[in-house]
Amino acid sequence: MSASGTQEVVLGLDLGSTATKAVAADRAGTVLHLTERENGMRTEEPGEAVQDAAAVRDSAFAALTECVSWTRQAGYRVRALSFSTAMHSLVGLDAEGGPVTPAFHLSDGRCAEVAEKLRGDWERAARLHHATGTPVHPQSVMVKLAWLTQQRRDLVDPVVSWCALKDFVFTAFTGEFVTDQSLASGSGLQEMATLDWHDEALSTAGVSRQQLPEIKAPTDALPLADEAARATGLPEGLPVVLGAGDGPLGNLGVGAVNTGVAGLSLGTSGALRVVRDSPGVDERCRTFCYYLADGLWVSGGAVSNGAVVGQWASETFDVDLADLLDEALEVPAGARGLVALPYLMGERAPWWQPGLTGSLIGLRRVHGRADITRALVEGVAQQLALVRDAVVDTGAEVRAVRATGGGFRSRVWAEAIAAALGIELELADDSGGSALGAVLVAWRALGELDSLEEAADLVRPSRTVPPDHEAARMLRKQRGGLERLHRAVSELASRVD
């Protein structure tokens, strides 16, 4: 509440992979309104995943304008605008700042051969990973740039500068060509130790620092440009906070910032992350490390296969997804001896091998669709547990897990993941997600919150799911052999290829 009695809000603009969301939230972290606009994705050629940068910019203005209209009608005063964004995107711009390439999405895998070649020099790949916190993988902006500069001169030649999709949109709101430390930390181009562009990574990518935006802190703010103010109905000069990447902000948005509290998300894919006060990845390069803000870092890993495995089973067995997951819930933990390596979409953490394929081990005639579905769900749960184990190997503590995502609409997902982790899941409301995280960063930037830990304390779980101890014991015992199984199946597949 302001001194005049007018209620105040901050607007969070989340540039997601499939949609742009605009939320209005108050100082207590309560999301009061949400507006959403879809973002299209082009996937016409093998491995392609690109977006129209101008279309995403326009959807951001449309979503924000509608949200501003709601705040005005509801009598709220807007204090600031803040950004969240999907990480690992890339777009090339001309001298006037217009896009001359599509916006490459993190899932664009056409640079896979370049990534494999870079990983073939493991000493160099590990050195880059440990310096930047970003795995040498097709999702990496550094790898995408290496592919473009080496093999796609037709796309590169018109480019004057490179940036993330969010940086292009941010420029439309402020007129300034800048990026934030969080987004840069996920590019594979920024050095963790200095939060500046990393020379060896730039050389590997084939670009210069003069082609990249100026790096600023996530809590830095620039004034809203006059033209953007007129287009959205916001006041001229309104503080526009740079914000951060959606992964780190996802932890903040569910209240997983304090030491030992992991944030876990489960959508089509999944992720587990913990916040720490110093950067670093594990010795075996299984984890990433991205910057959040205020000297805090997020360490963890994303898995490529989350709830998508249930969708695949539903389509394969031609049965309603909710009904199939209910059937899987009735199957005993351990899926009656059936083990799944659920790599339908390759895999990111902890293996970082995009070419992996899925496997079912121990399949017998007695197994049916419910057993297979249960095994796939438990396979994903085990991958998240392997990520947790890798995070612990960095020296981080995981004593609690704050979870969110559409997958948790089904009990089988919550129970399987709680058992695999051996930890009670604290399920959080997903109404704001990373957009709420952006809002909380803005309240911190405005001086209304003393720390991000205080911001996280505003977000509370809605319910808890305890682990079944017998299921946890069984999955823990199974997990001891999963890495050996993964290596054996991968070796067999490579021989068949």
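## Exercises on a predicted model

Trp 312 is partly exposed, with 36% of relative accessible area. Keep in mind throughout that the structure is a predicted model. Let us start with this tryptophan.

### Exercise 1: a nonpolar patch

Find the helix that holds Trp 312, then work out which residues make a nonpolar surface patch with Trp 312.

**Solution.**
- Step 1. Locate the residue: Trp 312 belongs to helix α11, which covers residues 308-317.
- Step 2. Check the exposure: a patch residue needs over 30% relative accessible area, and Trp 312 has 36%.
- Step 3. Look for partners: Leu 344 and Met 345 join Trp 312 in a nonpolar surface patch of about 290 Å².

### Exercise 2: a negative patch

Name the residues of the negative surface patch that includes Asp 326, and say whether Asp 326 is buried or partly exposed.

**Solution.**
- Step 1. Collect the members: Asp 320, Asp 323, Asp 326 and Glu 330 form the patch.
- Step 2. Place one of them: Asp 326 sits in helix α12, residues 321-329.
- Step 3. Classify Asp 326: its relative accessible area is 45%. Partly exposed lies between the 20% limit for buried and the 50% limit for exposed, so Asp 326 counts as partly exposed.

### Exercise 3: a covered helix and its salt bridge

Decide how many residues of helix α6 are buried, and find the salt-bridge partner of Lys 166.

**Solution.**
- Step 1. Count along the helix: α6 runs through residues 165-174, and eight of its 10 residues are buried, so the helix is described as mostly covered.
- Step 2. Name the buried residues: they are Leu 165, Lys 166, Asp 167, Phe 168, Val 169, Phe 170, Phe 173 and Thr 174.
- Step 3. Follow the Lys 166 side chain: a salt bridge joins Lys 166 to Asp 180, with the closest N and O atoms 2.7 Å apart.
- Step 4. Place the two ends: Lys 166 is in helix α6 and Asp 180 in strand β9 (residues 178-180), so to speak distant parts of the chain, 14 residues apart.
- Step 5. Check both partners: Lys 166 and Asp 180 are buried.
- Step 6. Look just past the helix: Gly 175 follows α6 and has a positive phi, near 80 degrees.

### Exercise 4: salt bridges elsewhere

How many salt bridges does the structure hold? Then explain why the pair of Glu 200 and Arg 127 ties together parts that are apart in sequence.

**Solution.**
- Step 1. Take the total: there are 30 salt bridges in the structure.
- Step 2. Recall the principle: side chains of opposite charge can pair when their charged atoms come close.
- Step 3. Inspect the pair: the closest N and O atoms of Glu 200 and Arg 127 are 2.6 Å apart in their salt bridge.
- Step 4. Place both residues: Glu 200 lies in helix α8 (residues 199-205) and Arg 127 in helix α3 (residues 122-132), so the pair ties together parts 73 residues apart in sequence.
- Step 5. Check the exposure: Glu 200 is partly exposed at 22% relative accessible area, and Arg 127 is partly exposed at 39%.
- Step 6. Turn to another pair: Arg 286 and Asp 282 meet in a salt bridge of 2.8 Å, N to O. Arg 286 is buried at 11% relative accessible area, and Asp 282 is buried at 2%.
- Step 7. Add the network: Glu 8, Arg 77, Arg 79 and Glu 448 are joined into one network by salt bridges that share partners.

### Exercise 5: backbone details

Where do His 88 and Leu 195 lie, and what is the peptide bond from Ala 349 to Pro 350?

**Solution.**
- Step 1. Take His 88: this residue is in the loop between β5 (77-85) and β6 (91-93). Although not a glycine, His 88 has a positive phi of about 70 degrees. Its relative accessible area of 7% makes His 88 buried.
- Step 2. Take Leu 195: the loop between β10 (190-191) and β11 (196-197) holds this residue. Leu 195 is not a glycine either, yet has a positive phi of about 60 degrees. With 19% relative accessible area, Leu 195 is buried.
- Step 3. Inspect the peptide bond: from Ala 349 to Pro 350 the bond is cis, with omega near -5 degrees. Pro 350 lies in the loop between β19 (339-341) and β20 (359-361).

### Exercise 6: a histidine in a strand

Which side chain makes a polar contact with that of His 33?

**Solution.**
- Step 1. Place His 33: strand β3, residues 31-38, contains this residue.
- Step 2. Classify His 33: the limit for buried is under 20%, so at 18% relative accessibility His 33 counts as buried.
- Step 3. Find the contact: the side chains of His 33 and Thr 35 are joined by a polar contact of 3.1 Å.

Key: Residues numbered from 1 in each chain as written. Heavy atoms only, no water. Patch = residues over 30% accessible without salt bridge, like charges linked within 9 Å, V, L, I, M, F, W, Y side chains within 5 Å. Areas by Shrake-Rupley, 256 points an atom, 1.4 Å probe, with all protein chains shown as cover. Salt bridge = Lys/Arg side-chain N within 4 Å of Asp/Glu carboxyl O. Lys, Arg positive; Asp, Glu negative; His and termini not counted. Charge placed at Lys NZ, Arg CZ, Asp CG, Glu CD. Helix = DSSP H or I, 4+ residues; strand = E, 2+ residues; numbered from the N terminus. Buried < 20%, exposed > 50% of the residue type's maximum accessible area, 1.4 Å probe, protein only. Polar contact = N/O pair within 3.5 Å; in protein donor to acceptor, adjacent residues only side chain to side chain.
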